[in-house]
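Here are my notes on the structure, set out as numbered points. Please read them with the model open beside you.

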Amino acid sequence: MNGYSDILEKYGVDAALVTTAPNTFYIGGYESTNCRILLTRGENFFFTDMRYFEEATDFLGGKFCVRLGGVGEIAQLAEQLGIKTLGVEYGVTFTEYELFREAFRGIKLVATDSAFADLRAVKTSAEISLIKDAQKVTEQAFEEILPFIKKGVTEIDIAARLEYAILRRGCELAFDSIVAFGENGSKPHAHRSTKPLCEGEFVTMDFGAKYKGYCSDMTRTVALGAVDDAKSRAYEAVLQANIAAEQAVKAGVRCCDIDAVARKSLAKHGLDGYFTHSLGHSVGVEIHEMPAFSPKCEDLLVPGNIVTVEPGVYIPGQFGIRIEDMVLVTDCGVEVLTNSEKKLITL
Ligand code: ZN
Ligand code: ZN
């Protein structure tokens, strides 16, 4: 009996093979570039190579039977254990699947669909605490960057300093930071450039720290000097959409309905047509997880979901604004995990 026996039960399989990095980390809590986990109704097995074997044995010894080897050795073990049906997770490449078909001849392979993604959607208190720690560092990096935002500084300068602020606090980057000035801001995922910052422009910064394997994600848009009326009205509209959507978050509500709240709020200002992506995504071991605040996601929110709320307005050739927080669905409503100021900061 182990924590994953429900998945074996649900899909009617004797064992499940887990090979994608986010899921092996989620299950084992140990990061390596070569590991495969075999979950069975008895013991669980962790297969790796000599580079990781000693460390993995020390780290995982109580939880897993750590062994040397790859798919061939797992196939031999599966035969010894009399495994007839084997679960294969989402995200396995076609090449890997072909390898499995060859190695596990005589064993029926069964897709376990999004079983692990579904588990990961509901964060434990330990995971919530790591994400909060990651977010704390993200906010410290934001505070640290503000004094450097001056006329003539480039997007690359800001991104490098933001990332250094995260790295020197012992975290990794959750993803490559996005820093976009002025008209570059109208591309939600703009690539950073050597464009110098000018007065009256917005600076959109989307970045996050990863702490002990868990990500955080935040976007703030600040202004250098006074911005014109159109920009300041658009900023207010995005802020209102962000707040309205966050207030609507609670267990039992469909994700698509939260997305709709933000779109309706922007529509009041005639700006919904300029909000060109989904409202948000879950965050955890990966920066983009399920469920998502998208018009298509009908999943019901449950306590333990951590999802971003990131409405934006993007006017091509002119400017862009995005305000992104992370929120935790709780038993009694919502906890906003992002504490950085979100009223327009003018530098
Ligand atoms: Zn982001
Ligand atoms: Zn995001």
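1. The 4 donor atoms around the zinc ion (ligand 2) subtend angles of 78 to 152 degrees, so the arrangement is irregular. Four donors count as tetrahedral if all angles lie between 85 and 135 degrees; four count as square planar and six as octahedral if opposite donors are over 155 degrees apart and all others between 65 and 115; anything else is irregular. The coordinating residues are D217 (OD), H281 (NE2), E310 (OE) and E324 (OE), at 2.0 to 2.2 Å. Donors are N, O and S atoms within 2.8 Å of the metal (3.2 Å for Na, K and Ca); water is not among the atoms, so sites may look incomplete.

2. This is a predicted model, in which local features need pLDDT of at least 70 and side-chain atom pairs count only at pLDDT 80 or more, while totals for chains, interfaces and linings use all residues. Residues are numbered from 1 along each chain as its sequence is written, chains are lettered from A and ligands numbered from 1 in the order in which they are written, and side-chain values use heavy atoms, with hydrogens and water left out.

3. Along the chain, the donors of the zinc ion (ligand 2) follow the spacing D-x63-H-x28-E-x13-E. The pair H281 and E324 links distant parts of the chain: H281 is in strand 13 (residues 280-282) and E324 is in the loop between strand 17 (319-322) and strand 18 (325-330), 43 residues apart. Helices (H or I, at least four residues) and strands (E, at least two) are DSSP runs, numbered from the N terminus. Both H281 and E324 are buried. Buried means under 20% relative accessible area, exposed over 50%, and partly exposed in between (1.4 Å probe, protein chains only).

4. What protein donors does the zinc ion (ligand 1) have? They are D206 (OD), D206 (OD), D217 (OD) and E324 (OE), at 2.0 to 2.7 Å from the ion. Angles of 54 to 150 degrees between these 4 donor atoms make this arrangement irregular. The spacing along the chain is D-x10-D-x106-E. D206 lies in strand 9 (residues 201-207) and E324 in the loop between strand 17 and strand 18, so this pair ties together parts that are 118 residues apart in sequence. D206 and E324 are both buried.

5. The two sites share a residue: D217 coordinates both the zinc ion (ligand 1) and the zinc ion (ligand 2), and the ions are 3.0 Å apart.

6. R220 is part of strand 12 (residues 218-224). With 1% relative accessibility, R220 counts as buried. A polar atom of its side chain lies 2.9 Å from the backbone oxygen of E341.

7. How many disulfides are there? The count comes to 0, with a disulfide taken as a pair of cysteine sulfur atoms within 2.5 Å. The cysteine sulfur closest to that of C297 is in C255, 4.1 Å away, which is too far for a bond. C297 is buried, at a relative accessible area of 6%. For C332 the closest cysteine sulfur is also in C255, but at 18 Å, again too far for a bond. C332 counts as exposed, at 76% relative accessibility.

8. Strand 2 (residues 35-40) is mostly covered, with 6 of its 6 residues buried. C35, I37 and L39 are on one side, and R36, L38 and T40 on the other. Strand 1 (residues 15-18) runs antiparallel to strand 2 and is joined to it by 4 bridges; two strands pair if DSSP finds at least two bridges between them. In this pairing A15 stands opposite T40. Strand 2 also pairs with strand 3 (residues 44-48), in the antiparallel sense over 5 bridges, with F47 as the bridge partner of R36. These two, strand 2 and strand 3, form a hairpin with 3 residues between them.

9. Strand 18 and strand 19 (residues 333-336) run antiparallel and are joined by 4 bridges. V327 has V336 as its bridge partner in strand 19. The hairpin between strand 18 and strand 19 passes through 2 residues.

10. For helix 9 (residues 229-248), 20 residues at 1.5 Å each should span 28 Å, and the end C-alpha atoms are 29 Å apart, which agrees. The expected span is 1.5 Å times one less than the number of residues. Among the buried residues of helix 9 are Y235, V238 and L239.

Key:
A polar contact is a pair of N or O atoms within 3.5 Å; within protein, one must be able to donate a hydrogen and the other to accept it, and residues adjacent in sequence count only if both atoms are side-chain atoms.
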